[in-house]
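The following dialogue shows how a learner may read a structural model with a teacher. Please keep the structure in view throughout.

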Amino acid sequence: MLILVTYDVSTKTPAGERRLRKVALVCQDFGQRVQKSVFECSVNMAQYEDLVRRLRKCIEEDEDSIRFYRLVEPRDRYQKVFGLNHAVDFEAPLIF
């Protein structure tokens, strides 16, 4: 399934800045950054549950927020991008 992960982490303190970095690193393990605090991830149900669990450990729920949106597929039918687009096609063959 294709999901969108968005987050807003309070960076008023050094601890908040560390949480922000941790959230971004966890998201990078599962997908690609499409905007500063937005990631697109192609995951199965087990990976999704792991992603949610890991991200919830990173944040302070009284200061930060994370949102998960399931995207309708096929993505190219429902998604429009204007400006820079550094998206990777998760379904394309991987070439080294």
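**Reading the sheet and the salt bridges**

Q: How many bridges join strand 2 to strand 3, and in which direction do the two strands run?

A: Strands are DSSP runs of E with at least two residues and helices are DSSP runs of H or I with at least four, both numbered from the N terminus; two strands pair if DSSP finds at least two bridges between them. Here strand 2 and strand 3 (residues 38-42) run antiparallel and are joined by four bridges. Within this pairing, R33 has F39 of strand 3 as its bridge partner.

Q: What should be known about the origin of the model and its numbering?

A: This is a predicted model, in which local features need pLDDT of at least 70 and side-chain atom pairs count only at pLDDT 80 or more, while totals for chains, interfaces and linings use all residues. Residues are numbered from 1 along each chain as its sequence is written, and side-chain values use heavy atoms, with hydrogens and water left out.

Q: In what order do the strands form the sheet?

A: The order is 2-3-1-4, in an open sheet of four strands with antiparallel pairing. Strand 2 (31-35) and strand 4 (65-70) are the edge strands, each pairing on one side only.

Q: Which strands does helix 2 touch?

A: Contact means heavy atoms within 4.5 Å. Angles, from 0 to 180 degrees, are taken between N-to-C directions of axes fitted to C-alpha atoms, for helices over the stretch in contact. Helix 2 (residues 45-58) packs on the sheet and touches strand 1 (2-8), strand 3 and strand 4; its direction makes about 165° with that of strand 4.

Q: How many salt bridges does a search of the whole structure find?

A: Side chains of opposite charge can pair when their charged atoms come close. A salt bridge is a side-chain nitrogen of Lys or Arg within 4 Å of a carboxyl oxygen of Asp or Glu. The search finds five. One of them joins R19 and D64, with the closest N and O atoms 2.7 Å apart. Because R19 lies in helix 1 and D64 in the loop between helix 2 and strand 4, the pair ties together parts that are 45 residues apart in sequence. R19, E63 and D64 are linked in a network of salt bridges.

Q: Is R19 buried or exposed?

A: Buried means under 20% relative accessible area, exposed over 50%, and partly exposed in between (1.4 Å probe, protein chains only). R19 is buried, at 9%, and D64 is buried, at 6%. By contrast, D29, at 51% relative accessibility, counts as exposed; its salt bridge with R54 spans 2.7 Å, N to O.
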